[in-house]
Amino acid sequence: MSDTVGQRGGVVLFGTKAETLARLAPRLRTAVVPPSMYFTVGEWKSDRAAVCERIRAEPWALSTLAVRSSSLDEDGEGASNAGRYTSCLEVEPATGLVTAVTAVIESFGVADDQDQVLVQPQLTGTVASGVCASCEPGTGAPYRLVNWSDGADTTVVTAGRAGIRTWRFLAYEDGRPPVERLGGLPALTRELEGLLGDGPFEFEFAVTPEATIVLFQARPLAAPAPSVSRVRHRAAVRRCRQRFDALLSGRPQAVGSDTLLGVMPDWNPAEMIGLRPRPLALSLYRHLITDEIWAEARHDYGYRDLRNVPLLIDLEGLPYIDIRASFSSLMPRDLGEAPARRLMRHYLGELRCRPHLHDKVEFAIVQSSYHFTTPRFAASAVADGILSVEEAEQFAGSLRALTTDMIGQDGPYRRDLRTVRRLSEHPLAPATGAAPHEHTRHLLGLCRRAGALPFAGIARAAFAATSLVRSLTDRGVWSADTADALLGSADTVTNQLRRDHATGDREAFLRRYGHLRPGTYDILSPRYDECAEQYFDWASPTTPSPPTGPTEFHADAVTLRDAGRLLAEHRIPYTADALLEFVRGSVAAREYAKLQYSRVVSEILRHARHTGDRLGFDAEDMSYTTVRALAELTGGRTDDRRRLGAAVARGRDRYAVTRSLHAPALLSAPEELTSFVPLDVEPNFVAHARVVAPVADVDAGEPLDGAIAMILAADPGYDWIFTHNIVGLVTAFGGANSHMAIRALELGLPAVIGAGDVRFRQWLSAGSLEIDAANRLVRPAHTPGASGHVT
C-alpha cells in the first residue's frame with residue numbers, strides 16, 4: 001500500500017521516465033532535475049492544440065526544448081529499452097513542437113494511449129555527461145560504473161559514439177574521481193540508493209560548468225545478484241591491497257622496491273589465460289611457466305638471476321605480471337647493482353608516463369637484447385644521467401655478448417631446439433603399470449623441463465631476432481616491407497597447418513594438430529580432435545596462399561651488403577646470411593616449440609579430465625581444482641575423491657570472488673584497486689594492407705569466410721581460423737610480438753592486435769569495419785554487403 005503516490009515505505013517507486021523524475025525532483029539534494037511537463041498519447045490525440053498551449057505556457061518553454069519518449073515499456077524491471085525510441089533536441093517551441101512530438105509518438109510503433117511524452121528545457125553549456133550504474137551490470141558486483149564524455153554534447157554516451165571514457169569505483173568506498181567535474185557522482189549514487197531502495201539502477205546525468213549535476217533519467221538495472229556478499233568482497237579487495245603493499249617492500253634478487261603490475265607485459269596472462277582464469281588454468285600456467293621456469297630460461301641465456309622470484313602475482317585469482325621482476329630479469333647478468341637500479345627507475349618511470357605501451361614494453365621501453373639502435377639508447381641514457389659512459393659501454397657490450405651467443409651454433413637457442421625435437425618424439429601415454437596419479441606428476445615434470453623451459457628460451461631468441469630486423473628499419477637501412485617480408489618468410493606451424501588442412505587428409509591432420517585447443521590451459525576448451533567439425537570445414541578445405549609454403553625472401557646484393565656492414569660496425573661476428581638464417585630459423589622454431597609444448601599441456605588436461613571421470617567429477621568441476629591438488633593424489637579412490645572434492649569446492653568458492661573483482665590492466669598503486677579508469681591502449685597494427693569487411697565473433701561461432709575475425713585473446717589453439725578465408729583479424733589483447741601478431745604477419749593479413757576491451761566491443765558491434773593497417777586506422781564501415789576485399 002503506498003503512503004503517497006509513487007512511494008512505498010518512503011522508497012520512491014519506479015514509474016515511467018517522466019513519473020520517476022517527477023517523484024525524485026522534490027527529494028533530491030545532490031542533483032537537480034530539470035523542470036518538465038509530460039502528457040499521454042491519448043491526451044495528444046484528443047487535443048494536441050491544448051497540449052501545445054500548456055507546454056508553451058511554462059516559463060521555461062521560452063527557449064529551445066527537449067522532447068523525449070516516456071513509454072510504458074521503457075525503464076522497466078526486465079528491460080530498459082534505453083535508446084529504442086526517438087528523442088528530439090533543440091526543438092523550437094513555436095515552430096517545431098508538433099513535429100517533434102509526432103516523431104516521438106511514431107517511434108513507439110503501435111502506441112498505447114497511456115504512453116507518455118516528456119518535454120523539458122534544452123540543457124546547454126554542459127561540460128560532461130554520461131550514465132552511471134549502481135553496480136557492475138554484468139555481475140552485480142559492488143562497483144559503480146560510470147561511462148562519460150567531456151563536452152556539451154549530452155548524447156555521446158547513449159549513442160555509443162567515440163570519446164567515451166569509463167570510471168569504476170567501489171560502492172562502499174568513494175574513490176577519487178578521475179576529473180574534478182565528476183566529484184559529485186558518488187554522493188548522488190548513494191542518495192539515489194537511499195531513495196530508490198536496494199535494487200540495482202542506473203541514471204543519466206550531465207554536469208554544468210558550476211559542477212551541478214543534472215539528472216536526466218533513473219531506471220532499474222537488470223543486473224544479476226552478486227556472487228559474493230559485500231563483506232566478502234571488501235575482504236578480498238583488502239587482501240589484494242595488502243599483497244600489493246607487500247611487493248613494495250622489495251623482493252630478493254629483483255631490482256629496487258618500486259613496481260607496477262600488468263596483465264599484458266612479458267608472459268602476458270591476458271592473452272594466455274584471460275583476465276579471470278579458472279583455478280586449474282591459473283595454477284597450471286603458474287606451475288609450468290611463471291613460478292620458476294621463466295626465470296631459469298633467462299638465466300640460461302645470460303640474464304640476471306631471478307630464479308626464486310615468481311613472475312605472476314595472484315590477486316585473488318586475477319593474474320598480474322610483477323613488472324619489476326620482469327624488467328629485472330631482462331638485464332644482463334653482469335650489470336652492476338647501481339646502474340641496474342637507475343635503469344629500473346627509468347624503465348618504470350617511462351611506463352608510468354606512457355602506460356599505453358604496457359603491451360609493447362620490450363619494443364618501446366626496455367633494452368633486453370642488442371640490436372642496431374642499442375648504441376642510440378646507451379647514448380641517451382648517458383645524456384639523461386641514467387648511466388655513466390663506462391656503464392653504458394658495459395651495458396651495451398653485455399647485451400651484445402648474450403645476443404651473439406643466441407645466434408651462435410653452440411649457444412642456448414640451438415640447445416633448446418634440440419631438446420624440443422626430442423620432446424616431439426616422446427610418447428605421452430602412461431608407462432606400463434604406472435598409476436594415474438604417478439602419470440600426472442610425470443607429465444607435469446616432462447612439460448616443465450622438456451617443453452616449457454626450451455620454449456621460453458627459444459621465444460627469447462626469436463624476440464632478439466625480431467628486434468634486430470626491426471632495428472634495420474629504424475636505422476633506415478631496410479624498408480618496413482623488407483623487414484616484414486623476412487619475418488614472414490619463416491615456414492611456421494601456421495603455414496604447415498594450412499597446407500596440411502588443404503590436403504583433405506583429416507586423419508593425418510588430426511594426428512599432428514589434434515591436441516590443439518583454443519584455450520591452451522583451459523580444460524573446458526575442446527581439442528581439435530574432440531570437436532573437429534566445430535573448427536574445420538572438411539568438405540571444402542581452404543587452399544593456402546601461396547599453395548606451396550611461405551613467401552620466399554630474396555635478399556639482393558644491396559640488402560645483404562647493408563646488413564653485413566651494420567653487423568661489422570656493431571661487432572657482431574656473423575655474416576648477413578647467418579643473420580637471415582637465425583631470424584627465419586628462430587621465428588619458425590618458436591612456433592614449433594610452442595606446438596610441442598602445447599601437446600604436453602593438452603595431455604595434462606586430458607589426463608586431468610580422465611582423473612575426474614574416474615572419481616566422479618566432470619570437466620566443469622575439474623576446472624575449479626588446482627595442479628597442486630592433482631599432484632597430491634595418492635591413488636586411493638576414497639581418499640582421492642575426498643581430496644579432489646574439497647579442492648573443487650574451494651576453487652569454486654574462490655572463483656566466485658575472482659569473478660566479482662575488477663582492476664585496471666596496469667596497476668600502479670594499491671588505491672587503483674578501489675577506483676580506476678581503464679587504459680586507453682595503443683593497438684598494434686600488422687601488415688600494410690587495407691580491408692573492408694563484415695566482422696565475425698569467433699567465440700560465438702559466426703561464419704568466418706570473407707570476414708574480419710574478432711577474438712578477445714588467442715593462443716596457438718586458435719590457428720584453426722586460418723583454415724578459413726578470413727580477410728582481417730582483431731584481438732582485444734595481445735602484443736606486438738604475440739602469437740596472433742606473428743601469424744598475421746606471416747600471412748600478410750591486415751590485423752589489429754591488442755585493441756583493448758572497450759574498442760574491441762565497439763568494433764564488434766559495428767557490423768563491418770575498415771582496417772587500414774598502413775595508416776593505423778580502424779573505423780566502422782557502414783556499407784551493406786561489404787565485400788571483404790583486401791588491398
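Begin the tour by selecting D266, which is found in the loop between β12 (261-262) and α8 (269-272). The structure on screen is a predicted model. Display the backbone torsion angles of D266: phi is near 60 degrees, a positive value in a residue other than glycine. Most residues other than glycine have a negative phi. A second residue of this kind is E90, with a positive phi of about 55 degrees although it is not a glycine. To find E90, select strand β5, residues 88-91.

**The loop residues H358 and G735**

Select H358 next, in the loop between α12 (337-353) and α13 (361-364). Is H358 buried or exposed? H358 counts as buried, because its relative accessibility is 3% and the cut-off for burial is under 20%. Show the surroundings of H358, leaving aside neighbours within four places in sequence: M264, P265, L351, A665, L666, L679 and V681 are in contact with H358.

Keep M264 displayed and move to G735, since M264 appears among the contacts of G735 as well. G735 is placed in the loop between β20 (728-731) and α27 (739-747). With a relative accessible area of 5%, G735 is buried. Beyond its neighbours within four places in sequence, G735 is in contact with M264, N268, E271, D359, N684, A741 and I753. For a sense of distance, draw a line from the C-alpha of G735 to that of P375: the two residues are 360 residues apart in sequence and 25 Å apart in space.

**Helices α14 and α15**

Select residues 374-383, helix α14, together with residues 389-407, helix α15. Two packed helices are described by the angle between their axes and the distance between the axes. Here the axes come within 9 Å and cross at roughly 155 degrees. Angles over 145 degrees count as roughly antiparallel, so α14 is roughly antiparallel to α15. The crossing of this pair, α14 and α15, is right-handed. Now show the side chains where the two helices meet: T374, F377, A378 and V382 come from α14, and V389, A392, F395, A396 and L399 come from α15. By class, the residues of this contact divide into 8 nonpolar, 1 polar and no charged.

**Helix α17 and two of its partners**

Select helix α17, residues 436-474, and then helix α23, residues 576-615. The axes of α17 and α23 come within 8 Å and cross at roughly 155 degrees. This angle makes α17 roughly antiparallel to α23. The crossing of α17 and α23 is left-handed. Colour the contact by residue class: the contact of α17 with α23 holds 25 nonpolar, 6 polar and 4 charged residues.

Leave α17 selected and add helix α10, residues 293-300. How do the axes of α10 and α17 cross? They come within 9 Å and cross at roughly 55 degrees. The helices α10 and α17 are therefore oblique to each other. In this pair, α10 passes α17 in a right-handed crossing. From α10, display I293, E296, A297, R298 and D300; from α17, display R448, R449, A452, L453, A456, G457 and R460, which meet them. The contact of α10 with α17 has 5 nonpolar, 1 polar and 6 charged residues.

**The nonpolar cores**

Turn next to the interior. Which residues have the most contacts inside the largest nonpolar core? They are Y521 and I721, in a core of 150 residues. Centre the view on I721 and, leaving aside neighbours within four places in sequence, show V698, L704, A709, I711, I726 and L729, with which I721 is in contact. A second, separate core has 42 residues, including Y172, V228, F685 and A755.

**The last stop: D640**

Finish at D640, in helix α26, residues 637-660. D640 is buried, with a relative accessible area of 1%. Apart from neighbours within four places in sequence, D640 is in contact with L615, L633, T634 and G635. To close, measure from the C-alpha of D640 to the C-alpha of V91: these residues, 549 residues apart along the chain, are separated by 72 Å.

Notes. Residues numbered from 1 in each chain as written. Predicted model: local features only at pLDDT ≥ 70, side-chain atom pairs only at ≥ 80, totals over all residues. Heavy atoms only, no water. Axes fitted to C-alpha atoms, helices over the stretch in contact; angles between N-to-C directions. Helix = DSSP H or I, 4+ residues; strand = E, 2+ residues; numbered from the N terminus. Parallel < 35°, antiparallel > 145°, perpendicular 65-115°, else oblique. Left-handed = near helix turned anticlockwise from the far one by under 90°. Nonpolar A, V, L, I, M, F, W, Y, C, P; charged D, E, K, R; others polar. Core = buried A, V, L, I, M, F, W, Y, C linked by side-chain atoms within 4.5 Å. Buried < 20%, exposed > 50% of the residue type's maximum accessible area, 1.4 Å probe, protein only. Contact = heavy atoms within 4.5 Å.
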